Amino acid sequence: MEGIKTNIPANLLVGYVMTHEVAWQICDSLMEFSHIGQTRADIEEKEVQNKGLITILESGQSCQVFNPKSDQYGGFEDLVEWSNEDDLLILVDNELMLCIAACDKTKVLTM
């Protein structure tokens, strides 16, 4: 029997990703890192790189905490293997996985 999943509102994750660097992976793709910029030029350049991530998050219907010890993660092996045990993994619509650093785990879970 599958355990109860913790859901996180997609719009809150968009706000978090816009202001914090996170590791992420689209299913069966390479792992990437989001970027936040310090200058206007940095922000504009990084927005292009983050567009796929933000687009998926903005339309996300299901953003659930992912447990690599019990949940299946085919297509997200790189991110799951790269992450630390204390990191927070979030699966978005079975299409995208985010890795939130352990230091921000509580902040994200209480958003």
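**A friendly note on the strands, the hairpins and the pocket**

1. Let's begin with a pair of strands. Strand β1, residues 23-26, and strand β2, residues 31-33, run antiparallel and are joined by three bridges. Within this pairing, W24 of the chain faces E32, which sits in β2. Please keep in mind while reading that this is a predicted model.

2. It helps to have the overall layout in mind. The chain holds four helices and five strands. Read from the N terminus, the elements follow the order α-β-β-α-β-α-β-β-α. Of the 111 residues in the chain, 35% count as buried. If you look at contacts between residues at least 6 apart in sequence, 59% of them join residues at least 24 apart.

3. Now back to the turn that links β1 and β2. How many residues lie between the strands of this hairpin? There are four, and D28 takes a positive phi near 60° in this hairpin. A second hairpin is formed by β4 and β5, with three residues between the strands. In that hairpin D93 takes a positive phi, near 50°.

4. Strand β1 has another partner besides β2. Four bridges connect β1 with β5, residues 96-100, and the two run antiparallel. Two residues make this pairing easy to find on screen: Q25 has M97 as its bridge partner in β5, and W24 has L98. W24 is thus worth a look from both directions, with E32 opposite in β2 and L98 as its bridge partner in β5.

5. On the other side of the story, β4 also pairs with β5. Five bridges join these antiparallel strands, and one example is V92, whose bridge partner in β5 is L96. β4 pairs with β3 as well: four bridges hold this antiparallel pair. Here F66 stands opposite L89 of β4. Following the pairings from strand to strand, you can step from β2 to β1, from β1 to β5, from β5 to β4 and from β4 to β3.

6. Is β4 enclosed or open? Five of its five residues are buried, so β4 is largely enclosed by the rest of the structure. Both of its faces are covered, with L88, I90 and V92 buried on one side and L89 and L91 buried on the other.

7. β5 gives a picture of its own. This strand is mostly covered, with five of five residues buried. L96, L98 and I100 lie on one side, M97 and C99 on the other, and all are buried. C99 has a relative accessibility of 5%, and because anything under 20% counts as buried, C99 falls in that class.

8. A word on cysteines. C27 has a relative accessible area of 27%, so C27 is partly exposed, whereas C99 is buried. How many disulfides does the model have? The count is zero.

9. Next, a glycine that is easy to overlook. G74 sits in the loop between β3 and α3, the latter covering residues 77-82. Is G74 buried or exposed? Its relative accessibility is 53%, and because the cut-off for exposed is over 50%, G74 counts as exposed. G74 and C27 are 47 residues apart along the chain, and 8.0 Å separates their C-alpha atoms.

10. Finally, the largest pocket. Its space comes to about 240 Å³. Lining this pocket are 13 residues, of which F66, N67, P68, E85 and D87 are the closest to its centre. Which strands each supply at least two residues of the lining? They are β3, residues 63-66, and β4, residues 88-92. Sorted by class, the lining contains five nonpolar, three polar and five charged residues. F66 is a good residue to end on: F66 is among the lining residues closest to the pocket centre, and F66 also stands opposite L89 in β4.

Technical notes. Residues are numbered from 1 along each chain as its sequence is written. This is a predicted model: local features need pLDDT of at least 70, side-chain atom pairs count only at pLDDT 80 or more; totals for chains, interfaces and linings use all residues. Side-chain values use heavy atoms; hydrogens and water are left out. Two strands pair if DSSP finds at least two bridges between them. On a 1 Å grid over the protein atoms alone, a cavity is a set of points where a 1.4 Å probe fits but cannot get out, and a pocket is an open set with protein on both sides within 12 Å along at least five of seven lines; lining residues have an atom within 4 Å of a point. Grid points are joined across faces, edges and corners, and a volume is the space filled by probe spheres set on the points. Ala, Val, Leu, Ile, Met, Phe, Trp, Tyr, Cys and Pro count as nonpolar, Asp, Glu, Lys and Arg as charged, and the others, Gly among them, as polar. Buried means under 20% relative accessible area, exposed over 50%, partly exposed in between (1.4 Å probe, protein chains only). A disulfide is a pair of cysteine sulfur atoms within 2.5 Å. Contact means heavy atoms within 4.5 Å.
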